[in-house]
Amino acid sequence: YYGGMSLKELRRQFEQQYNLSLSRSTFDRWLERFSKIAMDEAKKQKPKVGDRWIADETVLKIGGKNVWVWDIIDSDTRYLLATHLSLARTIKDAQALMEKANEVAGKTPKEVLTDKLGAYIDGIELAFGAETKHIQSHPFTDTDSTNLIERFHGTLKTRTDIMRGLKSLDTAQLL
């Protein structure tokens, strides 16, 4: 499932391999159960990340509403440091994303690369102080580009399309 297989395909595979006919609700319970276990295990990890992080936001339909999904990854390892969900794109949301990433990484980056959304300017300053340099991306270049996080968001949108959308904020946060 996490590799991109739909629930329908998973049900078919269980029927073929194990001669088991499982309901969608069984898979939903498994996803919730094992996602929580995976999240608890991930919280125990302290990734070794670099000094340059890349942040961006994208919009998804969740429960019929437009919800902003904010993500930040390490430029070197491409490790997803943090995700934040919001109904708007404010300075407080940018700050919350940075603070979550700081907590996971256990360090402050030297640079954060973002698009030109103004909320990042103050959000980075409030979360990290003046020591962290904010770099705004330049479109259509290889240097100072947000292509890594844009690609991640493309994968996220493809995955949620396979899932036929997300029903609630709780479901989205779990994913």
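Here is a short tour of this structure, one selection at a time.

**The whole chain.** Start with everything shown, and keep in mind that this is a predicted model. You'll find 6 helices and 5 strands, running along the sequence as α-α-β-β-β-α-β-α-β-α-α. Of the 175 residues, 38% count as buried.

**Residues 7-18 and 24-44.** These are helices H1 and H2. Show the side chains of Phe14 in H1 and Phe27 in H2. Their ring centres are 5.6 Å apart and the planes sit at 80 degrees, so this pair is edge-to-face. Phe27 is buried, at 4% relative accessible area. Now add Tyr18 and Trp30: together with Phe14 and Phe27 they make one aromatic cluster.

**Trp70 and Tyr120.** Next, hop to another edge-to-face pair, with 5.5 Å between centres and 75 degrees between planes. Trp70 belongs to strand E2 and Tyr120 to helix H4, 50 residues apart. Are these two buried or exposed? Trp70 is buried, with a relative accessible area of 0%, and Tyr120 is buried too, at 0%.

**Trp68 and Arg89.** Select these two and look at the ring: Arg89 lies over the face of Trp68, 4.4 Å from the ring centre.

**Residues 91-105.** Finish on helix H3, which has 15 residues and reaches 21 Å from its first C-alpha to its last. Its buried residues include Asp93, Leu97, Met98 and Ala101. What covers the buried residues of H3? Look for strands E1, E2, E3 and E4 as well as helix H4, which are among the elements doing so. Just after the helix comes Gly106, with a positive phi near 70 degrees.

Methods: Residues numbered from 1 in each chain as written. Heavy atoms only, no water. Helix = DSSP H or I, 4+ residues; strand = E, 2+ residues; numbered from the N terminus. Expected span 1.5 Å × (residues − 1). Buried < 20%, exposed > 50% of the residue type's maximum accessible area, 1.4 Å probe, protein only. Contact = heavy atoms within 4.5 Å. Phe/Tyr/Trp six-rings, centres within 6.5 Å; stacked < 30°, edge-to-face > 60°. Lys NZ or Arg CZ within 6 Å of the ring centre and 35° of its normal.
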